[in-house]
Amino acid sequence: MASNISEDLRSGALVYHRLPRPGKLEIQATKPLGNQRDLALAYSPGVAAACEAIAADPLQAAELTIRANLVGVVSNGTAVLGLGAIGPLAGKPVMEGKAVLFKKFSGIDVFDIEIDALTVERMVDVISALEPTFGGINLEDIKAPECFEVERQLRERMKIPVFHDDQHGTAIIVGAAVRNAMEVGNRKIGDLKIVASGAGAAALASLNLLVKLGARRENIWVCDIEGVVYEGRNTLMDPYKEKFAQKTDKRTLDEVIEGAHIFLGLSAGGVLKPEMVKKMADHPLILALANPTPEIMPELAREARPDAMICTGRSDFPNQVNNVLCFPYIFRGALDVGATDINDEMKMAAVEAIAALARETPSDVVARAYGGETRMFGADSLIPSPFDPRLILRIAPAVAKAAMDTGVATRPIADFEHYLAVLDDFVFRSGFIMRPLFARAKQDMKRVIYAEGEDERVLRAVQAVVEEGIARPILVARPNVVDTRIKRFGLAIQAGVDFDLINPEDDPRYRDYVRDYIEVAGRRGVTPDAARTLVRTHPTVIAALAVRRGEADAMLCGIEGRFTRHFRQVRDIIGRAPGVKELAALSLLITPKGNFFICDTQIQTEPTAPDLAEMTVLAAAHVRRFGLEPRVALLSHSNFGSHETLAAKRVRAALDILRERAPDLQVDGEMQADAALVEDIRKRAFPHSRLNGVANVLVMPDLDASDIAYNMLKVLGDSLPVGPILMGTAKPAHILSPSITARGIVNMTAVAVVEAQTGL
């Protein structure tokens, strides 16, 4: 079965999986192996002590091995995504992807296990034999009806959680959406008619869960590829589907949809027609979850029934039913108490936690990430945002508590306050810092102009920007060159459709651009002849003029050439924002130990105290756009007055200015780097510091220190850089590094768009 993806996405995905090393996973040692003693502790003879302890008390495996944080993602490849029965080997990339989601969202380690087993008996024998290895089993991409029986038998045989995410993950999110839809409509689920299109694992699990929530079987109507599931039907029937068979002579979805309060679609795109939607009850809930094309597109459903509440499986519409909302956190809670099962009470706890989170006032993190435009609970906000940091803080403890209350926890949590603090620490170590910016950018796309529009990385980035829907790209480029390179790189974007062009060789605005450039740069030694040449030959000049003239909202440049050359043009043409004295650069490093912003990494050689204070205020504004609260450390060789160097005095004076200019900002200094990053060290040096926790904004005393620290952390810290982010310009303009990747350009596009939305 061929997948419906563009050639660019196909080739890009193959490169992604192939380079720099095959696959998406690796195993890393978590303990040192640097000398003979380390080796003796890790293996023979020291390892015998751990083995003997576990033999005496099997619960010690949770303390002495990875098992308590290890999940097996197991599949036989019979129902892989939208690809069908492609087999276990071909399904391995999906299982690796699932492993990555577990690790990124909840810190759970995974071994993906692909088994060549087609019968229920064979699958159960193989998987159950893996129990000593894992703390839990996540069944994946196993076709119905076998998946139901495999899970049932495994739960009976194994004393660890077994969870078929295709069934229960979807069901839990559907349950939360229905729970909240009933809240919005002031209805009782037992009174409602439910019509389902699709009778696979996810659909039947969702219906079973809705029954547990109070739905009545006699009110549930199921349709599949053969039509209505009715009593006496023999084709494509099984015991799990039989439970929902109706005694009726109706045979089509169109016949049973009339008066339905809930439509649950887990079938195929386009099966629910607008005329069917018109037959539904008042304020219907439409769960059109087929991907990539829903059973009905939201705009068609809304046109047919303006009062409808609509959920899809897609990220570009409100109310996304996405399994990643629950499965990492359900396993997190189950593993953390050593659960022997994921029972109905734990699933219901997850439903209630997700539903309750959607009803809460949006968190300050999400609100800042969305620029204050987050939707309040209602028809368009029945389900939480998938990057709401509170998901793990709500679901994992709720699941853990349910496991404890129902007696399936082998390691009950004694101190829930400490447990929540541990989960909170994980949230802020997450590498998903860019996700809020992408979501915010999609809400109000801005025009971003790319100066080096002919560069391969820019073109590949523009493809991703278009696919993500985060900006309207404008390229400074020659049309024939762009067309040729798009074809060469196998991209699907088209000029005039997906992006706009400014042709430096032939643009009707050329004379206007020259005039404007002379106006802003004529007193800086730029003659009319030079202006005419630069507007033809210097793409940064063209991009900056487009932004200045209001023909673009933000610009990215710097992929080719020196930073200083681009900086002069940006400074002279776009200029500084009102009240800003000096421009500065902020760089983000996403590290395994957290996210750190460093300034100034590019511009000010030896900033004065007022300069340091100004760049700190500008940096704090940018950090808040990432959904983070800035915690600023002003760094120096001196530690709270331990030295009286000139740099230390400048930093100390900057703090005085900040206390007056930004009294609510969490900032302190001067301090050494270890004091900024380790609270205990800081408290020993200065117990009354106003800075709490680990600093996430590091302000350096001069350019040398900033550049050295940034590049060392980038390499030694296995860090992902974002930036540099140019601060203080009148309009968003960022000068990229020549080493930036296409993905880095996409990230900076999101930064520029959100900046254009929010301003200073």
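**Exercises on a predicted model**

Cysteine 326 has a relative accessible area of 0%, so this residue is buried. The structure is a predicted model.

**Exercise 1. Cysteines**

Find how many disulfides the structure holds, and place cysteine 311 and cysteine 326 in that picture.

Solution.
- Start with the cut-off: a disulfide needs two cysteine sulfur atoms within 2.5 Å.
- Search the whole structure. The count is zero.
- Take cysteine 311. Its nearest cysteine sulfur belongs to cysteine 326, 14 Å away, and cysteine 311 is in no disulfide.
- Turn to cysteine 326. The nearest cysteine sulfur is that of cysteine 311, at 14 Å, and cysteine 326 is in no disulfide either.
- Check burial. Cysteine 311 has 0% relative accessibility and therefore counts as buried.

**Exercise 2. Asparagine 323**

Locate asparagine 323, decide whether it is buried or exposed, and list its contacts beyond close sequence neighbours.

Solution.
- Location: asparagine 323 sits in the loop that runs between strand S10 (309-312) and helix H14 (327-336).
- Burial: the cut-off for buried is under 20% relative accessible area. Asparagine 323 has 15%, so it is buried.
- Contacts: set aside neighbours within four places in sequence. Asparagine 323 then touches Asp165, Asp166, Gly169, Thr170 and Pro328.

**Exercise 3. Helix H31**

Test whether the end-to-end distance of helix H31 (residues 742-758) agrees with its expected span.

Solution.
- Expected: 17 residues at 1.5 Å a residue should span 24 Å.
- Model: the end C-alpha atoms of H31 lie 25 Å apart, which agrees.
- Cover: 13 of the 17 residues of H31 are buried, so the helix is mostly covered.
- Next residue: glycine 759, just after H31, has a positive phi of about 65 degrees.

Notes:
Residues numbered from 1 in each chain as written. Predicted model: local features only at pLDDT ≥ 70, side-chain atom pairs only at ≥ 80, totals over all residues. Heavy atoms only, no water. Helix = DSSP H or I, 4+ residues; strand = E, 2+ residues; numbered from the N terminus. Buried < 20%, exposed > 50% of the residue type's maximum accessible area, 1.4 Å probe, protein only. Contact = heavy atoms within 4.5 Å. Expected span 1.5 Å × (residues − 1).
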